[in-house]
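Student: I would like to learn how to read a structure like this one. Where do we begin?

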Amino acid sequence: MTEALSRRAALRTAAGLGLTAGLLTRGSPAHAQFAPTDVDALKSLLIAERNAIKTYQAGIAVLDAAASTDPLLRFRGIITAIARHFMAQHSDHAAKLSLFITRQGGVDDVGDGEAQVPSDFVPSIQNVLDLATNAEKAAAIGYTDAQQHLNAADNADLAAAIGAVESQHFVVLHLAARGFVTPAASTAHQPADALTSVAAQFVPTSFALTVDGSPGLDDETLLPFYDVTK
C-alpha cells in the first residue's frame with residue numbers, strides 16, 4: 001500500500017470515529033481563552049472518544065471469547081489489561097472534552113458512541129490488536145489536525161495533550177501487533193485482573209501535559225525524569 005493510500009485509509013477510519021475534518025473550524029491563531037466556534041470541533045473529538053470506548057468494549061468481548069487454539073492466547077490477559085487501561089484513558093479524555101464543551105456554552109448531546117468494527121471482522125486476538133491500532137492511528141491524525149484549527153488556546157492545549165496520548169497508544173499497539181515487542185514471559189497465561197498494575201505502565205498518564213488539574217507527563221511529582229547522573 002502506498003503512503004497516500006495508507007493515509008486515505010487512516011482518514012476513512014478517522015471519519016468513522018467521528019474525526020471528520022468538515023466539523024473542524026479553521027480560524028485565526030489561538031488568542032482567546034475560549035471560542036464558541038470551537039464547540040463543534042470539540043464535539044467531533046468527543047464522538048471519536050466515545051466511539052473508541054465502544055470499540056474497545058467490543059474488542060475486549062472478542063478477547064474474552066478467544067478460541068483455545070488462538071496463537072496469542074497465552075498473552076490474552078496482558079492484552080486485555082492494556083485494552084482496559086487504554087479504554088479508561090479514553091473515558092478520561094471524553095470526560096474532559098465534555099467539560100470543556102459545557103463550559104463554553106455547548107451541550108453534550110453526541111450520545112454514547114458506537115463500536116467501529118467492520119461487518120466482515122474476523123474474531124481473533126491479532127485482529128483485535130490490529131483494530132485498536134487502526135483506531136489509535138486515526139485518532140492521532142485526527143487530533144493533530146484538530147489542534148491546527150482550534151481558535152482558543154485552552155482548546156488547542158487540550159487537543160495536544162490528548163492527541164499525544166493517542167499517538168502513544170498507537171505506538172504501543174503497533175509494536176505489539178507487528179511482533180516487534182513481546183509481553184514479558186511473566187505475563188503469559190495470567191488473567192487480566194492480575195495484570196492491572198503492569199498495564200498501567202503502558203502510557204502512564206491520560207494526558208501528555210497537565211491540563212485543567214489532570215496531571216500529565218510534565219508532572220514531576222507523579223512521573224519525574226530519570227536521574228542519569230548516578
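Student: How many salt bridges does the structure hold?
Tutor: This is a predicted model, and six salt bridges are found in it. In one of them, the side chains of Asp-109 and Lys-43 meet, at 3.0 Å from N to O.

Student: Which parts does the pair of Asp-109 and Lys-43 tie together?
Tutor: Lys-43 belongs to helix α2 (residues 39-64), while Asp-109 sits in the loop between α3 (76-103) and α4, so the salt bridge links parts that are 66 residues apart in sequence.

Student: At what angle do helix α4 and helix α5 pack?
Tutor: Look at the directions of the two axes and at their spacing. Helix α4 (residues 125-149) packs against helix α5 (residues 153-177) at about 155 degrees, and the axes are 8 Å apart. Angles over 145 degrees count as roughly antiparallel, so α4 is roughly antiparallel to α5. Their crossing is left-handed.

Student: What kinds of residues make up the contact of α4 with α5?
Tutor: That contact has 13 nonpolar residues, seven polar ones and four charged ones.

Student: What should not be read in detail where pLDDT is low?
Tutor: The predicted coordinates should not be, wherever that score is low. Here the protein chain has an average pLDDT of 88, and 84% of the residues reach at least 70. Residues 1-7 are below 50, and this stretch has three contacts beyond near neighbours in sequence. Residues 20-32 are also below 50, with 28 such contacts in the model.

Notes:
Residues numbered from 1 in each chain as written. Predicted model: local features only at pLDDT ≥ 70, side-chain atom pairs only at ≥ 80, totals over all residues. Heavy atoms only, no water. pLDDT = per-residue confidence, 0-100. Contact = heavy atoms within 4.5 Å. Axes fitted to C-alpha atoms, helices over the stretch in contact; angles between N-to-C directions. Helix = DSSP H or I, 4+ residues; strand = E, 2+ residues; numbered from the N terminus. Parallel < 35°, antiparallel > 145°, perpendicular 65-115°, else oblique. Left-handed = near helix turned anticlockwise from the far one by under 90°. Nonpolar A, V, L, I, M, F, W, Y, C, P; charged D, E, K, R; others polar. Salt bridge = Lys/Arg side-chain N within 4 Å of Asp/Glu carboxyl O.
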